[in-house]
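Open the model in your viewer and set the backbone to cartoon. The stops below say what to select next and what is there.

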Amino acid sequence: QVQLVESGGGLVQAGGSLRLSCAASGSVFSIRAMGWYRQAPGKQRELVAIITSGGRTNYAESIKGRFTISRDNAKNTMYLQMNSLKPSDTAVYYCYCDAVPGLTLVDYWGQGTSVTVSS
């Protein structure tokens, strides 16, 4: 099992910055990719960014050039640096990982952290 705990959300003005953190615990040795998803009110959950165990990244078009995903494997923590925030970035942000704690690939999710960007 893997447990994921997000932190760093909050209220920020448009143009501001926030850094989200996701701390992993449990069977962290089995974690492969990690990522961030978000869900705005009334909308479906969408991928924001993902980072593989080797450090390769992929971003949603809507946040390219503004957000940066990173992970510190020694600390079992992933980050999302969010700059130039827009009101449209308002959402609950969820940490995600896939892992193989046993014989099968399993998805894990954090509880979410809320980000509100005011205009």
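Start by selecting Gly-9, which sits in the loop between S1 and strand S2 (10-13). This is a predicted model. Is Gly-9 buried, partly exposed or exposed? Its relative accessible area is 32%, and because buried means under 20% and exposed over 50%, Gly-9 counts as partly exposed.

Keep Gly-9 selected and add Thr-113. The two residues are 104 apart along the chain, yet their C-alpha atoms are separated by 5.3 Å. Now show what else touches the glycine: beyond its neighbours within four places in sequence, Gly-9 is in contact with Leu-20, Thr-113, Ser-114 and Val-115.

Next, go to strand S1 (2-7). S1 runs antiparallel to strand S3 (residues 18-26), and six bridges join the two. To see one such pair, select Val-5 and its bridge partner in S3, Ala-23.

Extend the selection to the whole sheet. It is an open sheet of four strands in the order S1-S3-S8-S7, with antiparallel pairing. Which strands are the edge strands? They are S1 and strand S7 (67-72), each of which pairs on one side only. On average, neighbouring strands of this sheet are turned by 15° against each other, direction ignored.

Move on to strand S4 (residues 31-39), which is joined to strand S9 (residues 91-99) by seven bridges. S4 and S9 run antiparallel. For a landmark in this pairing, select Arg-38, which stands opposite Tyr-93 in S9.

S4 has another partner to display, strand S5 (residues 46-51), which is antiparallel to S4 and joined to it by five bridges. Met-34 has Ile-51 in S5 as its bridge partner. S4 and S5 form a hairpin with six residues between them. In the turn, select Gly-42, whose phi is positive, at about 75°. With side chains shown along the strands, keep a general rule in mind: in a regular strand they alternate between the two faces of the sheet.

The last stop is the largest pocket, which holds about 160 Å³ of space. Arg-38 returns here as one of the lining residues. To outline the pocket, select Arg-38, Gln-39, Ala-40, Lys-43, Gln-44, Glu-46, Ser-62, Arg-66, Lys-86, Ser-88, Asp-89 and Thr-90. Colour this selection by residue type: the lining divides into one nonpolar, five polar and six charged residues.

Definitions and conventions: Residues are numbered from 1 along each chain as its sequence is written. This is a predicted model: local features need pLDDT of at least 70, side-chain atom pairs count only at pLDDT 80 or more; totals for chains, interfaces and linings use all residues. Side-chain values use heavy atoms; hydrogens and water are left out. Two strands pair if DSSP finds at least two bridges between them. Axes are lines fitted to C-alpha atoms, for helices over the stretch in contact, and angles run from 0 to 180 degrees between N-to-C directions. Buried means under 20% relative accessible area, exposed over 50%, partly exposed in between (1.4 Å probe, protein chains only). Contact means heavy atoms within 4.5 Å. On a 1 Å grid over the protein atoms alone, a cavity is a set of points where a 1.4 Å probe fits but cannot get out, and a pocket is an open set with protein on both sides within 12 Å along at least five of seven lines; lining residues have an atom within 4 Å of a point. Grid points are joined across faces, edges and corners, and a volume is the space filled by probe spheres set on the points. Ala, Val, Leu, Ile, Met, Phe, Trp, Tyr, Cys and Pro count as nonpolar, Asp, Glu, Lys and Arg as charged, and the others, Gly among them, as polar.
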